[in-house]
Each structure stands twice: as C-alpha cells, then as structure tokens.
Amino acid sequence: MFKRRHVLSMRDFSREEIDSVLETAASLEPYAREKSTDLLSGKILALLFFEPSTRTRMSFETAMKRLGGKTINLGSAEASSIAKGESLADTVRVIGEYADALVIRHPKEGSARLAAEFSPVPVLNGGDGAGHHPTQTLLDLYTIKKESHLENLSVALVGDLKYGRTVHSLAYALALYGAEINLVSPPTLRMPEQIRTDLLGKGTRVSETSDLSEVINRVDVLYVTRIQRERFPDPLEYSKVARSYRITPENLTDVKDGLIIMHPLPRVDEISPAVDQTPHAVYFKQSFYGVPVRMALLKMILDGGQDGGLECGGEIRGTSKDRSKDRSGGWSG
Ligand code: NCD
C-alpha cells in the first residue's frame, strides 16, 4: 500500500492509510530515542531543501539514521548547480539515481508534484510554498491521538490560514476523522475558498471567525500558526496582521481541562513562553513526534524491495511512460 509511494498531499490518503502510518509510528517510537535499528540499512534518503527548515529536515535525517539508513544533502541552492540555472526537473532526475527517496521543500506551490513527475524514486513533500505539508500533518495527527483523542474532536485552527501549508493539509485530514473545524484568522488571511468548499463538500462542520474568544473555551485542540511573513507580496500588509493573536495563560482560564495547544513551530510571538509551563502545551512533544512518524513513513515506503511502478494517490504510476496523466488525488476528485 505504501511501498514506493509518493507523499505529496493529504488529499491522496484515506483514513485507513493514515491509521496504518500512526500505528507503525507507535511501534517505532521506542527506536526514535536512544535505540536504533538496521531496518533501512543500505538505503539512502536525499534532502533537497530550497527553503529554511529545522524540524522537518533534521527529523527526517534523524529518522533515517535511527533506521540504519543514510542521508545525502543538496545543501544550499547557492552551493549546487541550481545556482547555474539547472531546473528542478533535472535536479531530481539526477539525485533520484543516487538515492532511494527524496524529501523536497520548495517555495513554489506544486513543486513536489512536479518533482514526482520526474523522479525515479518516491518523493516526500516537506512543504511546497503555501500549498501542503503532509508529513507535518501525520505527526500532528499522531500528537492529537497520543495527547488528546481523534474521535469527536473539536479543533480551532488559528492564525495564518491563507498561507499556512500545515493547516491546509491538516484540515483535509481532520475532515476524514469527522472533526469539527473552527477557523480563526484575520479576515485577510482566511482559509482558501477551495479548501473550505472541499471540507463542506465532505460534510465537515466548519465555523469561521476572527475572534478567538468565540471558540477557545469549547475546543479540544488549539492549533496555532505563525503569520507566514515570507509569503506576503507586500511587507506593509504583513505589518497589518503581525501579532494578530497571542496566547497567554490569561486566555486559558476557562478552557476545557484536556485542551492541548499545538504549533508546528517555529513560533514568533503567537504563544507566550509562559504557556510552555501549562499542562496544555504539547508543541515540543509534537516536534519530537516528527521522528517516529517520519520513521514510519520511510519504513513503509522503502522497506520492501524496488520492483513495480511508483504509486501516487492509490494509482500505480509508471515511472516514465505515462507522465502526462492527471496526478490529482482522490480528494479533489
Ligand atoms: C512549518 C512550515 O515550514 O510550514 N514548520 C514546520 O515544518 N514545522 C510552519 C512554519 O514555518 O510556520
């Protein structure tokens, strides 16, 4: 089901498939700290990061090494042939011959799907501009399952819902679990229309407001995001919405007992450090869970031989002949 599969968007995954990743992650969690395994000994993961990253890059690297595999790193774009004008297509074609899988982060939306068109090995989307971030969503779901519950969940997605790729991917996945989704953002940073339409089309209960106090006391999960400064075409527009929300212990006096506060990190000023000491804060655990979850993905994709075509969104893809086929996943129809 996962062998040689691209991981491009949560729209390509069913609930059963997500559950199997979360179960595998739970079984590998003991190996994510201290112990290691040799499950992926002899395999190589290539890291192609064209945008800054701490957690995604380093947790993929840790995951691969804990599984006994190795990583190779493109390094900064300036130090590679990208600086000479080489295209992304040519780059992934070449690196796909060196490695068994690629993780790519790139500022352009759709770049991971493009890379998958040309890569001879599975591509994992580590964030494509304001598009998607599916591996972050899998670790977010793992966190929710461990620290709260996935059934009958009420979630508030807070902050930059326009440019924030983590909340785009997470919203699709939460819909598969029947969660109630409360969207909280400044009016100019609302969840894209297409995503809201998709959610409603799947029967998801969705509310929308710019006032966090309307929902904070009735949700199980507060998922806070950074205003994505680097995506604003005009710095003046950023300054108008910077510091729109700031969670402090004072906001939390009437919240549900079991409320968990999540953040994909990095945080700027959306969550006061004083919140870190409260039982609600799980964002540092969340970033650790990136290791077992990425271990699970790598194991499921790489452990099991190299025969067959590349699979994407449930369809077996040819590696070269049928590149012109539509690659959208089941979700968007
Ligand atoms: C996020 C990202 O890169 O989209 N970070 C992450 O991967 N943990 C969130 C962000 O940058 O705000």
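A salt bridge is a side-chain nitrogen of Lys or Arg within 4 Å of a carboxyl oxygen of Asp or Glu. Keep that in mind as you look through these views of a predicted model, in which local features need pLDDT of at least 70, side-chain atom pairs count only at pLDDT 80 or more, and totals for chains, interfaces and linings use all residues. Residues are numbered from 1 along each chain as its sequence is written, and side-chain values use heavy atoms, with hydrogens and water left out.

**View 1. R190 and E208 meet in a salt bridge.** The closest N and O atoms of R190 and E208 are 3.0 Å apart. R190 sits in the loop between β6 (180–184) and α7 (193–201), while E208 belongs to strand β7 (residues 206–209), so this pair ties together parts that are 18 residues apart in sequence. Helices (H or I, at least four residues) and strands (E, at least two) are DSSP runs, numbered from the N terminus. R190 has a relative accessible area of 37% and E208 one of 32%, so both are partly exposed. Here buried means under 20% relative accessible area, exposed over 50%, and partly exposed in between (1.4 Å probe, protein chains only).

**View 2. E208 also pairs with R196.** In this salt bridge, N and O are 3.2 Å apart. The pair links distant parts of the chain, with E208 in strand β7 and R196 in helix α7, 12 residues apart. R196 is buried, because its relative accessible area is 13%. Now step back a little: salt bridges that share partners join R190, E193, R196 and E208 into one network. Across the whole structure, a search finds 21 salt bridges.

**View 3. A salt bridge within helix α1 joins D19 and R15.** The N to O distance for this pair is 4.0 Å. Both residues lie in helix α1 (residues 15–32), four residues apart, which is about one turn of the helix. D19 is partly exposed at 21% relative accessibility, and R15 is partly exposed at 25%.

**View 4. I260 is a buried residue in strand β9.** The strand covers residues 260–262, and I260 has a relative accessible area of 3%. Which residues does I260 contact, leaving aside its neighbours within four places in sequence? They are I144, E147, S148, D220, V221, L222, H280 and V282, where contact means heavy atoms within 4.5 Å. Look for T143 as well: I260 and T143 are 117 residues apart in sequence, and their C-alpha atoms are 9.6 Å apart in space.

**View 5. I72, V94 and Y98 form a nonpolar patch on the surface.** Together they have about 270 Å² of accessible area, computed by the Shrake-Rupley method with a 1.4 Å probe; for residues, only the protein chains shown count as cover. Patches are made of residues with over 30% relative accessible area and no salt bridge; like charges are joined within 9 Å, and nonpolar side chains (Val, Leu, Ile, Met, Phe, Trp, Tyr) within 5 Å. Y98 lies in helix α3 (residues 88–98) and is exposed, with a relative accessible area of 55%.

**View 6. Domain 1 and domain 2 meet.** Domain 1 takes in 10–132 + 290–316, and domain 2 takes in 134–286; these bounds come from an automatic or database domain assignment. Their C-alpha centres lie 25 Å apart. The contact takes 31 residues from domain 1 and 25 residues from domain 2.
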